[in-house]
Amino acid sequence: MRTGNILWPTDFSDTASHALRYAIEMANLYQVGIRILHVVDQPVGDENYMILAITPEELAKDMEDAAASKMHELLDQLNTNLKIETVIRRGDAINEILAETHSGDIGMVVIASHGRTGMSHFLHENVAEAIINKANCPVLVVK
């Protein structure tokens, strides 16, 4: 933990931004870097049905470009001397976050909990909960 980077997965929500403060604090404490990860869902569709005006690949590229723009805005707001690395991946958020934790240089994950309750909790897989159960490093969940 003391030598691995802090992984901060973000969906650019306010809750995720709140968790960033904890990620920075932990990185400062251990004098390690922060890896910021955003995962873009892989759009599904069949261009033969002509439902989409663009192909799923074009849509995914647009989503990645928008995420990169948000990432640049976020980096412009950070005032830190920490080493910060950004990664944008395409796919399932849980699988991609876990892949990062297994990369060998992540010492801790700092992730936001969106706190779904009731029916919403049962209908949607909780990303933070899945990371807690499957990551091979400590996970700090921030409310």
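Helices here are DSSP runs of H or I with at least four residues, numbered from the N terminus. With that in hand, the predicted model can be followed from its helix H1 outwards. H1 is followed by glutamine 31, whose phi is positive, near 55°.

A look at the whole protein helps to place this helix. The protein holds five helices and five strands, and these elements run β-α-β-α-β-α-β-α-α-β from the N terminus on. Of the 143 residues in the protein, 39% are buried.

Helix H1 itself is built from 17 residues. From its first C-alpha to its last it reaches 25 Å, close to the 24 Å expected at 1.5 Å a residue. The buried residues in H1 are Ala16, Ala19, Leu20, Ala23, Ile24, Met26 and Ala27. Seen down the axis of H1, these buried residues fall within an arc of 165°, so they line one face of the helix. The face turned away from that buried side has another character: Asp14, Arg21, Glu25 and Leu29 are the exposed residues found there.

H1 also takes part in a pocket. The second largest pocket has a volume of about 160 Å³, and the elements that give two or more residues to its lining are helix H1 (14–30) and helix H2 (56–77). Of the elements, H2 gives the most to this lining, with four residues. The full lining consists of Phe12, Ser17, Leu20, Lys70, Glu73, Leu74, Gln77 and Leu78. By residue class, the lining divides into four nonpolar, two polar and two charged residues. Leu20 thus appears in two parts of this description, as one of the buried residues of H1 and as one of the residues lining the second largest pocket.

Beyond the helix, a charged residue in a strand deserves a visit. Arginine 35 has its place in strand S2, which covers residues 34–40. Is this arginine 35 buried or exposed? Buried means under 20% relative accessible area, and arginine 35 counts as buried because its relative accessibility is 5%. The side chain of arginine 35 also has a partner, as a polar contact of 3.3 Å joins it to the side chain of glutamate 85.

Conventions
Residues are numbered from 1 along each chain as its sequence is written. This is a predicted model: local features need pLDDT of at least 70, side-chain atom pairs count only at pLDDT 80 or more; totals for chains, interfaces and linings use all residues. Side-chain values use heavy atoms; hydrogens and water are left out. On a 1 Å grid over the protein atoms alone, a cavity is a set of points where a 1.4 Å probe fits but cannot get out, and a pocket is an open set with protein on both sides within 12 Å along at least five of seven lines; lining residues have an atom within 4 Å of a point. Grid points are joined across faces, edges and corners, and a volume is the space filled by probe spheres set on the points. Ala, Val, Leu, Ile, Met, Phe, Trp, Tyr, Cys and Pro count as nonpolar, Asp, Glu, Lys and Arg as charged, and the others, Gly among them, as polar. The expected span of a helix is 1.5 Å times one less than its number of residues. Buried means under 20% relative accessible area, exposed over 50%, partly exposed in between (1.4 Å probe, protein chains only). The arc is that of the directions from the helix axis to the C-beta atoms. A polar contact is a pair of N or O atoms within 3.5 Å; within protein, one must be able to donate a hydrogen and the other to accept it, and residues adjacent in sequence count only if both atoms are side-chain atoms.
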